Amino acid sequence: MASKIQELGHAAERQAIGVVIDGLVRDVKKSSDKRKTYLKFMDLAEKFFGKSFTPEKIAAVKAAIQDPDNRWMKFIDKTIDEINPKFAKMTLLNLGYEAFLRGTKTIRENREKYNCNIPWLILFDPTSACNMHCAGCWSGTYGHKNNLSFEDMDKIVTQGKELGVYLYLMTGGEPMVRKKDILRLIKKHNDCYFAAFSNSTLIDEELCKQLVELGNMTFFLSIEGTEETNDGRRGNGHYAAVMKAMDLLKKYGILFGTSVCYTRANIDAVTSDEFFHMLERKGAKFGFYFHYMPTGKNAVPDLLPTPEQRKYMIERIRYIRSDKSDIQFYPMDFQNDGEYVGGCIAGGRNYFHINSSGDAEPCVFIHYSNTNIHQNSVLEMLQSPLFMAYHEGQPFNRNHLRPCPMLENPQLLREMVAKTGAHQTNEEAPESADELCAKCDDYAKNWKPVADEIWASEVHKKPTYENYTKEKREHPDLAAFEHADGTNHI
C-alpha cells in the first residue's frame, strides 16, 4: 500500500513538473531574454529540491545565469536555440528531474540500505553484432553471437528504476543493429533517458523522426579526428557516415555528443582546434574522451598513449573547458577527470556494464563476472563478490589521476579476480586477468611518477559526498589501507 502511494505521489509530482517545464521551454524559445526563464527554472528546482543543493551552489548558478559574458551560459543559449522543444522538455524531465534530482536521492538511500554500490547509470549491450571492424577493438571480432532479448533489457531497466537508476547507456557491438527493440524499450520506459554509443552508420531520417517524437534518447557518435586518422582505424567511408549522421541529428534538433578513443596515433588529431570547431559547427554539444584500453586478444598495446601524451591530454581538455577557450563544446575525459567523480566509477559505484550474454561486468573494459541477468536481479549483481570487492576497494588510489584497477593499478585487478573467483567473459577469446594486466604493467609503472608529480602540484577539494565505504570515509587519507606504492589493499 505504501509503495502504491509513493508511485502515485511520484506520478503526480512528475506531471506537475512536466507542465511547468513545458511552459518554461516555450517561454525560453520565444523569449529575447532567456536568462529570465533560466532563473524561473532555478526557482522551480529550489522549490522542489532545495535540500539537495547548498545555498552557495544555488547562488553560484544564479550568478552565472545573470552574467552576460559567462561562456557556458552562451553555450546553453545556443543549445536551446538548436534543440527540438519536445526533446528539450524530455531531457529536462528525464535527465534533470528523474535522474539527477529524484534518482540521486533514491540511489543514495539504497546505498545505505543495501550496503553496496548502487550506480547512477547502467551500460548494457543490446547485441554483440557490429557492422565494422576497427583496429584494436574487441567487439568487432565477436560477430552475431549474442543478444539481450527485449525481455532482458526490460528487466534491466525495470529493476534499475526500483533502485533509483533513470539513465541507461547502450554500446556493443553496434546498438542500432537492434533498432526496433530499442525504440520499443525507450517508448515503454518514457520516464528514463537513454543514450547509445554508435558508429553512426545506421542513423537515418526515419530514425530521427521517431526519436523526436519520443524525446528520450540521444547518441554519442564515434569519431577519431580527421578523415585520415578516423578511417585509418575505422575503415574507408566511416568519417563520411559520421558527418551525415551529425547533419541529420542537428536538422531534427536532437541533442547529441561524441565518443573519442584517444591513442598514441591520433591524439593530436582529436584535440586540435580544427577538430573541436568542426564538432561545434556540426552541432555536437559534448563528448567523452576514452583512453585506449588494451582489452582482448585483438588489442594493440602500441596504441597506448605515452606519459607525455597523457599529460598533454589533461592540460588540453581542461583548457578547452576553461574561460580562456572560445570553443562551444564540452569535453569530458573518462580517465583524467577522476578527481571530479572520486576516482574509479566502475563496479556499480556510478556505473557498471552488462554484456550481450547478460554477464555483469564491473566496467566495459574489464571482462570478468560472477553473475548474469538471466539468473540474477540487478541488485544481486551489485552484491556479487567481484562488485563487493570493488565496493570495498574504492578508491583504488588516492591519486585520482591513477584511478583504474587495471590500467594504473593492475596488481589490484589481479587480486580481485583471484579473490572472488570471477570468470572471464571476453567473447573474442579467453583472457586471464594476468594476461590482461601484463599489458598494463609497464604503462602503470611509467605513468606513476608523472601522475604523482601533477597531482602533488595541484590543490584538491574534498567533495561533500563520497560513495565509499564507512571505513574509507572516516580515513580520507587512506593510509591504513594502502600499499607502499599508494594503491589500496583489497
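Start by selecting G172: with a relative accessibility of 11%, this residue counts as buried. What you have open is a predicted model, so keep that in mind as you click around.

**Stop 1: G172 and its loop**

Which two elements flank G172? Its loop runs between β2 (167-170) and α7 (179-188). Now add G283 to the selection and draw a line between the two C-alpha atoms. They sit 25 Å apart in space, with their positions 111 residues apart in sequence.

**Stop 2: N216, another loop residue**

Jump to N216 next. You'll find N216 in the loop that joins α8 (205-214) to β4 (217-222). Is N216 buried or exposed? It counts as buried because its relative accessible area is 1%. Show the neighbours too: leaving out residues up to four places away in sequence, N216 touches M90, N94, I186, H189, N190, C192, Y193 and F194. Zoom in on C192 in that group, where the backbone oxygen is 3.2 Å from a polar atom of the N216 side chain.

**Stop 3: the two domains**

Zoom out and colour by domain. The domain assignment splits the chain into domain 1 (1-99) and domain 2 (116-489). On the contact between them, domain 1 puts in 20 residues and domain 2 puts in 34 residues. The centres of the two domains, taken over C-alpha atoms, are 27 Å apart.

How much area do domain 1 and domain 2 bury between them? The figure is about 2200 Å², and 56% of it is on carbon and sulfur atoms. To see where domain 1 gives up the most area to domain 2, select R71, F75 and F87, which together make up 31% of what that side buries.

Polar links cross this boundary as well. There are 14 residue pairs in polar contact between domain 1 and domain 2. Looking at which helices of domain 1 do the touching, α1 (2-30), α4 and α5 (85-114) each supply at least two residues. Of the elements on that side, α5 gives the most, with 8 residues.

The count of salt bridges between domain 1 and domain 2 is 2. Have a look at E82 and K285, whose side chains meet in a salt bridge with N and O 2.8 Å apart.

**Stop 4: along helix α4**

E82 brings us to α4, so select residues 71-82. How far does α4 reach? From its first C-alpha to its last, this 12-residue helix covers 17 Å, close to the 16 Å expected at 1.5 Å a residue. At its N-terminal end, look for N70 acting as a cap: a side-chain oxygen of N70 is 3.0 Å from the backbone nitrogen of W72.

Now colour the buried residues of α4, which are R71, W72, M73, F75, D77, T79 and I80. R71 and F75 may ring a bell from the domain contact, where they are among the residues of domain 1 that lose the most area to domain 2.

Then move to K78, which pairs with E82 in a salt bridge, the closest N and O atoms being 2.9 Å apart. Both residues belong to α4 and are 4 residues apart, about one turn of the helix. K78 is partly exposed, at 28% relative accessible area, and E82 is partly exposed too, at 26%.

**Stop 5: more charged pairs**

Why look for such pairs? Side chains of opposite charge can pair when their charged atoms come close. The whole structure holds 26 salt bridges, so there are plenty to pick from.

Try R321 and D337, a salt bridge in which the closest N and O atoms are 2.8 Å apart. R321 is in the loop between α12 (307-320) and β7 (330-333), while D337 is in the loop between β7 and β8 (351-354), so this pair ties together parts that are 16 residues apart in sequence. Both residues are buried.

For your last pair, select E392 and K419, which form a salt bridge with their closest N and O atoms 4.0 Å apart. This one links distant parts of the chain, as E392 is in α14 (residues 385-393) and K419 is in α15 (residues 410-420), 27 residues apart. E392 is partly exposed, with 40% relative accessible area, whereas K419 is exposed, with 51%.

Finish with R14, E98 and R102 on screen together: salt bridges that share partners join them into one network.

Conventions: Residues numbered from 1 in each chain as written. Predicted model: local features only at pLDDT ≥ 70, side-chain atom pairs only at ≥ 80, totals over all residues. Heavy atoms only, no water. Buried < 20%, exposed > 50% of the residue type's maximum accessible area, 1.4 Å probe, protein only. Polar contact = N/O pair within 3.5 Å; in protein donor to acceptor, adjacent residues only side chain to side chain. Contact = heavy atoms within 4.5 Å. Expected span 1.5 Å × (residues − 1). Domains from an automatic or database assignment. Buried area = accessible area lost by both parts, 1.4 Å probe.
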